[in-house]
Amino acid sequence: MILITGGCGYLGSHCAVELIKLGYEVVVLDNLVNSDIKTFEKINFLTNKNNIFEKADITNHSDVAKIFKKYSFETVFHFAGLKSIVESIENPSKYFFNNLLGTILILEEMRKTSVKKIIFSSSATVYGNKFNPPWKEDLNLLMPNNPYAQTKYMIENILESIVSETNEFHVGILRYFNPIGAHRSGLLGEDIKKSVNLIPSILNSIINAQTLNVFGNDYDTIDGTAIRDYIHVSDLIDGHLKAFNYINKYNGFNIWNLGSGEGYSVKQIVNKFEMILGQKIPVRYQKRREGDLQEYWADITKAKLQLKWKVKYNLDDMIRDNLKSVNP
Ligand code: UD1
C-alpha cells in the first residue's frame, strides 16, 4: 500500500491516478487547505474505483500516527507542502512548521512502522543563486536564501542523514523544475485560483480578461524576461514512477532533477499562449519579484540514464493541456 501525502494537490492527484491505474492500492491524504475534495472524486472517476481518502494534516502528530497504524504502507510519496517563495519570506515560521515539522512527523511514523521507502518532492529552488545553468544534481549546495527553499534543502539533508544511519532506507528525491500542463482528460490540473505561479496567472488573466503582470523585463536574457525550465506534469509523474521502480530495487539516497532540460522566457510562454489561442494577452511589466532568479534549467542526464526516463511532451502540449483543464 502507498501513502500519497498532498494527494488532492496538483501533482499528488496526477500521481495517484497513475499509481492506481498500475494496480497499486493508495491512501490519498490531504488537509484540503490548497486543494478540493472534488479532486478526489475525479481521481475515483478517472480510475473507475472507490479509493481511500484520509483528511488529515501532516503537522498533526496523532492523526498521522493513527493513519500509519490503520494501514500497512510500503512506500510514501510525499507531496504535501506549501510552495510560495513570497509567502515564505513574509511568514517563515508557517513554512518551517508545515513543510519541516510535517515531514519530520511522517518520517517518525515511517520509522515506528518500519516503512522504508520514500519519494520526496523537492525543488530546483535548492540550487539557490550560486550556479550557472544547467544545474546538475552533484553541485555542492549551500543553504538557500528563502524559507521555502530552506525547508526543501533541510528535508533533503534529513533524508540523507537517515539513509546514512540505516542502510535499509530507500530514498528518491525529485528536484522539480517548473511543472505545468494538466491531465490529458482536462479533469485534473493546478487550482488556478490558489496559485500565483506563471501559468495560473496567465490562465486567470485570460478568463477574467485582465492584464498579466510580468515581473521583470530588465534581466540579461534574450528578451529581458526570466527563463525557466517547464515540464509537463505527466512527464514529471512518469519520472516519479521510474524513480519508484528504481528505489524498489535499490536502497540508498538518490537525487534526480526532473525538468525538460530547456529554458523558455516568460515572454516566450505568453507568446505561445497567444499563438495557440489566437488572441492577445495584455501585459504590464512590473519590477522583479523578490526571490526570483534570472534564468535556470535542468541537466537531466542523470534521470535519463539511471531511470531510463525521457520527456514526451513539448511546450505546445503543456499549454494546450493547461487550456483544456480550465475549459475541458
Ligand atoms: C518557484 C520556485 C520553485 C517552486 C515554484 C512553485 C525558485 C527558483 N523557484 O518557481 O522552486 O517550486 O516557484 O511555487 O525559487 N511570473 C510573472 N508573472 C506572474 C507569475 C510569475 O511574470 O504573474 C514570472 C516569475 O517572476 C518568474 C516566472 O514567471 O520569472 C516563473 O514564475 P513561477 O511560475 O512563479 O515559478 P518560479 O518562481 O520559477
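**Exercise 1. Identify which of the 20 residues around the ligand come nearest, and describe the make-up of the shell.**

Step 1. In this predicted model, Lys83, Ile85, Ser123, Arg228 and Asp292 come nearest among the 20 residues around the ligand.

Step 2. Sorted by type, the shell holds ten nonpolar, six polar and four charged residues.

Step 3. Two of the elements that each supply at least two shell residues are α7 (198-207) and β8 (212-215). With three residues, β8 gives the most.

**Exercise 2. Find polar contacts of the ligand's oxygen atoms, then state how much of the ligand the protein covers.**

Step 1. The cut-off for a polar contact is a pair of N or O atoms within 3.5 Å.

Step 2. A backbone N or O atom of lysine 83 lies 2.6 Å from a ligand oxygen. For leucine 198, a polar backbone atom is 2.7 Å from an oxygen atom of the ligand. Tyrosine 148 uses an N or O atom of its side chain, 3.1 Å from a ligand oxygen.

Step 3. On its own the ligand has 740 Å² of accessible area, and the protein covers 93% of this.

**Exercise 3. Locate backbone features that depart from the usual pattern.**

Step 1. Most residues other than glycine have a negative phi, and most peptide bonds are trans.

Step 2. Asparagine 48 has a positive phi of about 55°. This residue sits in the loop between α2 (37-47) and β3 (52-55) and is exposed, at 72% relative accessibility.

Step 3. Alanine 209 has a positive phi near 50°. The loop between α7 and β8 contains alanine 209, which is exposed with a relative accessible area of 71%.

Step 4. The peptide bond from proline 133 to proline 134 is cis. Proline 134 belongs to the loop between β5 (117-123) and α6 (147-165).

How values were computed:
Residues are numbered from 1 along each chain as its sequence is written. This is a predicted model: local features need pLDDT of at least 70, side-chain atom pairs count only at pLDDT 80 or more; totals for chains, interfaces and linings use all residues. Side-chain values use heavy atoms; hydrogens and water are left out. A residue is near a molecule or strand if one of its heavy atoms lies within 4 Å of it. A polar contact is a pair of N or O atoms within 3.5 Å; within protein, one must be able to donate a hydrogen and the other to accept it, and residues adjacent in sequence count only if both atoms are side-chain atoms. Accessible areas come from the Shrake-Rupley method with a 1.4 Å probe; for residues, only the protein chains shown count as cover. Helices (H or I, at least four residues) and strands (E, at least two) are DSSP runs, numbered from the N terminus. Ala, Val, Leu, Ile, Met, Phe, Trp, Tyr, Cys and Pro count as nonpolar, Asp, Glu, Lys and Arg as charged, and the others, Gly among them, as polar. Buried means under 20% relative accessible area, exposed over 50%, partly exposed in between (1.4 Å probe, protein chains only).
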